[in-house]
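Morning, everyone. I have one structure to walk through today. Please have the sequence and the coordinates open.

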Amino acid sequence: MEDQICFLLNSDFCILYSMLPLRHQQSRYLFQTFWLLVIVGMALAGASPQLWAVFLLAALFSTLLVKRAACSFACPLFPVGELLWRAGAKLFGRNFVAPFWFDLALRSAKYLVLGWVILALAGKPTGTALISVPMVLFIAGLLVLSLFFQMPWCRYLCPAGALLGLVAMASLLKIRRSPQHCVRCHKCSNRCPANLPVMLRTTLRSPECFACYRCVDGCPAPGALDLATPGKRVVPAWVVGTMVSCLLMLGIIVGTFL
Ligand code: SF4
Ligand code: SF4
């Protein structure tokens, strides 16, 4: 499958990229940097609402193929969240985890936000000022909270993440654990920023999985954990990043001409 994907995308680029000695997450950081620049550039250039809408559609479509890689490889808020909780862990020696029932309730909040956004878009846009005192206070509070808890925006509030997560459940790519190779060290579960019980599953079907590869990179047992197809064909991060980037680029090109 990887070979066909490479051919479809750009075989020269794929061959060159696959020769780089990168771990999955290092590949992801490269894509994150690229998309941070592109999205900030789009915002500064005043991209039209149509362009953003097609961009979101492209992200949704990519989710069918490569789960929520659009979150972890392309959304500029994801690296901000990652940087903050890692800084918090360094500063305070640990991150905090909400009790399971509270965490579950908080995770559901993003679906309410999604519903509210859909209703707001369906009604008359009120033109609420994006920069207001409550908004600044909210963002400041969220940034501080992100030092103590992992990814509160992405996990609890982001409406786009809620939508992508629902579509991602239909994706054939999943984090898959091989009980034969697993040494049950808990590292995958401990490293998961979505607080998912990776070690307790053979196939992780959660809409919360960001496809971020942190669990895969942290696994000490070769062959125990991968992002893979139902036929156990392993899909590395550079393939996922290339696929999501091509689709998003296509979205930008189509959106530019609308
Ligand atoms: S990190 Fe790897 S070996 Fe350890 S529990 Fe998870 S899958 Fe098993
Ligand atoms: S299960 Fe693995 S890939 Fe999914 S969010 Fe957790 S660490 Fe990332």
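**Walking through the model**

Start with the contacts. Among contacts in the chain between residues at least 6 apart in sequence, 80% join residues at least 24 apart. A contact here means two C-beta atoms, placed from the backbone, within 7 Å.

Some ground rules. This is a predicted model: local features need pLDDT of at least 70, side-chain atom pairs count only at pLDDT 80 or more, and totals for chains, interfaces and linings use all residues. Residues are numbered from 1 along each chain as its sequence is written, while chains are lettered from A and ligands numbered from 1 in the order in which they are written.

Now the overall make-up. The chain has 13 helices and three strands. Those are DSSP runs, numbered from the N terminus: helices are H or I with at least four residues, strands are E with at least two. Of the 258 residues in the chain, 33% are buried. Buried means 20 or more other C-beta atoms within 10 Å of the residue's own; exposed means 12 or fewer; partly exposed is in between; and the C-beta atoms are placed from the backbone.

Next, the sheet. In what order do the three strands lie? The order is β2-β1-β3, in an open sheet with antiparallel pairing. β2 and β3 stand at the edges with a single partner strand each, so one side of each has no neighbour in the sheet. Two strands count as paired if DSSP finds at least two bridges between them. β1, residues 174-177, pairs with β3, residues 225-228, over four bridges. One example is R176, whose bridge partner in β3 is D226. On the other side, two bridges join β1 to β2, residues 203-204. There, I175 has L204 as its bridge partner.

On to the core. The largest nonpolar core has 52 residues. By nonpolar core I mean a set of buried Ala, Val, Leu, Ile, Met, Phe, Trp, Tyr and Cys residues joined through C-beta atoms within 7 Å. The residues with the most contacts inside this core are A70, F73, A74, A211, C215, V240 and V244. Several elements supply at least two core residues each, among them α3 (24-44), α4 (49-66), α6 (77-92) and β3. Which helix gives the most? That is α13, with eight residues. Look at A70 in detail. Leaving out residues up to four places away in sequence, A70 touches A59, S62, T63, C75, L164 and V244.

Now L60, in helix α4. L60 is partly exposed, with 18 C-beta neighbours inside 10 Å. Beyond four places in sequence, L60 touches L163, L164 and V167. Its C-alpha atom is 8.4 Å from that of A168, and the two residues are 108 apart along the chain.

A109 gives another such link, from helix α7, residues 100-122. A109 is partly exposed, with 13 other C-beta atoms within 10 Å. Its contacts, again beyond four places in sequence, are Y156 and L157. The C-alpha atoms of A109 and P159 are separated by 9.2 Å, with their positions 50 residues apart along the chain.

Contrast helix α8, residues 133-148. Of its 16 residues, the number buried is one, so α8 lies largely in the open. The helix reaches 23 Å from first C-alpha to last, close to the 22 Å expected. That expected span is 1.5 Å times one less than the number of residues.

Two backbone oddities. Most residues other than glycine have a negative phi. K67 has a positive phi of about 55 degrees. K67 sits in the loop between α4 and α5. Is K67 buried or exposed? It counts as buried, with 30 C-beta neighbours inside 10 Å. K232 also has a positive phi, near 65 degrees. K232 lies in the loop between β3 and α13, and is exposed, with 10 other C-beta atoms within 10 Å.

Last, the ligands. Ligand 1 has 16 residues around it, and C182, C185, C188, C219 and A221 come nearest. Near means a C-beta atom, placed from the backbone, within 6 Å. Ligand 2 has 15 residues around it, with C192, C209, C212, R214 and C215 nearest. C215 is also one of the core residues with the most contacts.
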